[in-house]
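Hi,

Here is the structure I promised to pass on to you. Have a look at it in your viewer first, and then read on for what turned up.

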Amino acid sequence: MGRKTRYGYASRFHPTRGLLFDAMLKHDGENDHVEVLDMGESQFNQEIVFAPRINSQSEDDGYVVGFVQDESEDRSECWIIDAQKFTEGPIARVHIPKRVPYGFHSHWVGA
């Protein structure tokens, strides 16, 4: 967006399953450190986005939001992760009644 940021969020490609993502990543550009939230063998995440907390106090004070497909359960969910506790995993998992197809893009637009 044309401004300096400390944190970036991305998805990691699975090494043998083509264009599937097998982990969510939080990169700290100030310390060149990457936190990894591994999806395991049967779960694959989509593109993830950052949503700032209302009245946030720091750049990573908010949530990482993204769709996850569990192939063993044939289930899609929306995961909400506290960005400051990234590797602890989701604080909420919302079941999606229909499958969200791989390749679904995301964007957060605040009020």
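**What turned up**

Strand 4, residues 43-52, is a good place to begin: seven of its 10 residues are buried. Please keep in mind throughout that this is a predicted model. Strand 4 runs antiparallel to strand 5 (residues 62-70), and eight bridges join the two. One bridge puts Phe44 opposite Gln69 of strand 5.

**Aromatic pairs**

How many aromatic pairs are there? The count comes to four. One of them is Tyr9 with Phe50, a stacked pair with 5.5 Å from centre to centre and 5 degrees between the planes. This pair links distant parts of the chain, since Tyr9 is in strand 1 (residues 7-13) and Phe50 in strand 4, 41 residues apart. Are these two rings buried or exposed? Tyr9 has a relative accessible area of 19% and is therefore buried, as the cut-off is under 20%. Phe50, at 21% relative accessibility, counts as partly exposed.

A second pair has another geometry. The ring centres of Phe44 and Tyr102 are 6.4 Å apart and their planes stand at 85 degrees, so this pair is edge-to-face. Phe44 lies in strand 4 and Tyr102 in the segment after strand 7 (90-96), so the pair ties together parts that are 58 residues apart in sequence. Phe44 is buried, with a relative accessible area of 1%, whereas Tyr102 is partly exposed at 28%. Ring pairs also link Tyr9 and Phe50 with Phe86 into a cluster.

Two charged side chains may interest you here as well. The charged end of Arg99 sits over the ring of Tyr102, 4.7 Å from its centre. Likewise, the charged end of Lys26 sits over the ring of Tyr7, with 4.5 Å to the ring centre.

**The nonpolar cores**

Which residues make up the largest nonpolar core? There are 12: Tyr7, Tyr9, Met24, Leu37, Met39, Ile48, Val64, Val68, Trp79, Ile81, Ala83 and Phe86. Strand 1, strand 5 and strand 6 (75-82) are the elements that give two or more residues to this core. Apart from this core lies another one, of six residues, including Ala51, Val65, Ile96 and Val100.

Two members of the 12-residue core are worth clicking on. Met24, leaving out residues up to four places away in sequence, touches Leu37, Met39, Ile48, Val68, Trp79, Ile81 and Phe86, among others. Its contacts also include Ala10, Glu35, Val36 and Asn45. Val64 is in strand 5 and is buried, with a relative accessible area of 0%. With the same sequence neighbours left out, Val64 touches Tyr9, Ile48, Val49, Phe50, Trp79, Ile80, Ile81, Ala83 and Phe86. Val64 and Val49 are 15 residues apart in sequence, and their C-alpha atoms are 5.5 Å apart in space.

**Two buried polar residues**

Asn45 is in strand 4. Why does Asn45 count as buried? Its relative accessible area is 1%, and the cut-off for buried is under 20%. The side chain of Asn45 makes a polar contact of 2.8 Å with the side chain of Ser11. Not counting residues up to four places away in sequence, Asn45 touches Ser11, Phe21, Asp22, Ala23, Met24, Met39, Phe67 and Val68. Two of those names, Met24 and Met39, also appear in the 12-residue core.

Asp28 is in strand 2 (residues 21-28). With a relative accessible area of 9%, Asp28 is buried too. Which side chains does Asp28 reach by polar contacts? One is that of Arg6, at 2.8 Å, and another is that of Asn31, at 3.0 Å. Leaving aside neighbours within four places in sequence, Asp28 is in contact with Arg6, Tyr7 and His33. Tyr7 is the ring that has the charged end of Lys26 over it, and Tyr7 is also listed in the 12-residue core.

If you would like a route through the viewer, you could start at the stacked pair of Tyr9 and Phe50, go on to Val64, which touches both Tyr9 and Phe50, and finish at Asp28 with its polar contact to Arg6.

Happy browsing, and best wishes!

Terms used. Residues are numbered from 1 along each chain as its sequence is written. This is a predicted model: local features need pLDDT of at least 70, side-chain atom pairs count only at pLDDT 80 or more; totals for chains, interfaces and linings use all residues. Side-chain values use heavy atoms; hydrogens and water are left out. Helices (H or I, at least four residues) and strands (E, at least two) are DSSP runs, numbered from the N terminus. Buried means under 20% relative accessible area, exposed over 50%, partly exposed in between (1.4 Å probe, protein chains only). A polar contact is a pair of N or O atoms within 3.5 Å; within protein, one must be able to donate a hydrogen and the other to accept it, and residues adjacent in sequence count only if both atoms are side-chain atoms. Contact means heavy atoms within 4.5 Å. Two strands pair if DSSP finds at least two bridges between them. Rings of Phe, Tyr and Trp (its six-membered ring) pair if their centres lie within 6.5 Å; planes under 30 degrees apart count as stacked, over 60 as edge-to-face and the rest as tilted. A charge sits over a ring if NZ of Lys or CZ of Arg is within 6 Å of the ring centre and within 35 degrees of the ring normal. A nonpolar core is a set of buried Ala, Val, Leu, Ile, Met, Phe, Trp, Tyr and Cys residues joined through side-chain atoms within 4.5 Å.
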